[in-house]
Amino acid sequence: QVQLVESGGGLVQPGGSLRLSCAASGSNFSIYAMGWYRQAPGKQRELVEGITSGSSTKYADSVKGRFTISSDNAKKTVSLQMNSLKPEDTAVYYCTRGLPPRSWGQGTQVTVSS
């Protein structure tokens with residue numbers, strides 16, 4: 001059973017940056033696609049950005065050019081660098097294993113507000 005533990009959320013002003021990290025337990029980290037999803041109040045959960053085992057990425061149009069996903073197989077971590085944050089990026093962000101997801105982290109809150 002994999003465990004995914006997110007960190008790095010918080011409160012940031014519009015235009016600011018945050019970096020989310022996810023540490024995965026278990027073996028065979030490198031063979032799985034990993035992703036970041038988010039869920040804002042009253043909205044459905046949506047894919048923010050994902051990365052395959054071959055390092056191909058897919059992302060939501062709303063974060064194009066602002067967010068970047070990366071993974072470190074040696075450390076078994078996946079990160080999401082978020083720049084130029086907007087109030088509409090406010091959500092709980094979840095780390096996932098698999099695209100579509102098979103495992104979810106507990107989530108970390110990101111709030112973009114002045």
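This report describes salt bridges, strand pairing, a disulfide and local backbone features in a predicted model.

Residues are numbered from 1 along each chain as its sequence is written, and side-chain values use heavy atoms, with hydrogens and water left out. Because the model is predicted, local features need pLDDT of at least 70 and side-chain atom pairs count only at pLDDT 80 or more, while totals for chains, interfaces and linings use all residues.

## Salt bridges

A salt bridge is taken as a side-chain nitrogen of Lys or Arg within 4 Å of a carboxyl oxygen of Asp or Glu. By this rule the model has 3 salt bridges. They are listed here with the N to O distances.

| Basic residue | Acidic residue | N to O distance |
|---|---|---|
| Arg-38 | Glu-46 | 2.7 Å |
| Arg-38 | Asp-89 | 3.0 Å |
| Arg-66 | Asp-89 | 2.8 Å |

Through shared partners, these salt bridges join Arg-38, Glu-46, Arg-66 and Asp-89 into one network.

Accessibility is given in three classes: buried is under 20% relative accessible area, exposed is over 50%, and partly exposed is in between, with a 1.4 Å probe and protein chains only. Arg-38 is buried, at a relative accessible area of 6%. Asp-89 is buried at 1%, and Arg-66 is buried at 9%. Glu-46 is partly exposed, with a relative accessible area of 33%.

Where do Arg-38 and Asp-89 lie? Arg-38 is in strand β4 (residues 34-39) and Asp-89 is in the loop between β8 (77-82) and β9 (91-97), so their salt bridge ties together parts that are 51 residues apart in sequence. Strands and helices here are DSSP runs numbered from the N terminus, with strands (E) of at least two residues and helices (H or I) of at least four. The salt bridge of Asp-89 with Arg-66 starts from the loop between β8 and β9 and reaches the loop between β6 (57-59) and β7 (67-72), so this pair ties together parts that are 23 residues apart in sequence.

## Strand pairing and hairpins

Two strands count as paired if DSSP finds at least two bridges between them. Strand β4 is joined to strand β5 (residues 46-51) by 5 bridges, and the two run antiparallel. One of the bridge pairs is Met-34 with Ile-51, the latter in β5. The hairpin of β4 and β5 has 6 residues between the strands, and in this hairpin Gly-42 takes a positive phi near 75°.

Strand β5 also pairs with β6, in the antiparallel sense and over 3 bridges. Here Gly-50 has Lys-58 in β6 as its bridge partner. The hairpin of β5 and β6 has 5 residues between the strands, and Ser-55 in the turn has a positive phi of about 70°.

## Disulfide

A disulfide is a pair of cysteine sulfur atoms within 2.5 Å, and the count by this rule is 1. Which residues form the disulfide? Cys-22 and Cys-95 do, with their sulfur atoms 2.1 Å apart. The torsion about their S-S bond is about -75°, so the disulfide is left-handed. The pair links distant parts of the chain: Cys-22 is in strand β3 (residues 18-24) and Cys-95 is in strand β9, 73 residues apart. Both Cys-22 and Cys-95 are buried.

## Backbone features in loops

Leu-99 and Pro-100 are joined by a cis peptide bond, with omega about 5°. Pro-100 is placed in the loop between β9 and β10 (103-104).

Asn-28 is not a glycine, yet its phi is positive at about 60°. This residue, Asn-28, is found in the loop between β3 and β4. At 46% relative accessibility, Asn-28 is partly exposed.

Lys-76 likewise has a positive phi, near 55°, in a residue other than glycine. Lys-76 is in the loop between β7 and β8. Its relative accessible area of 27% makes Lys-76 partly exposed.
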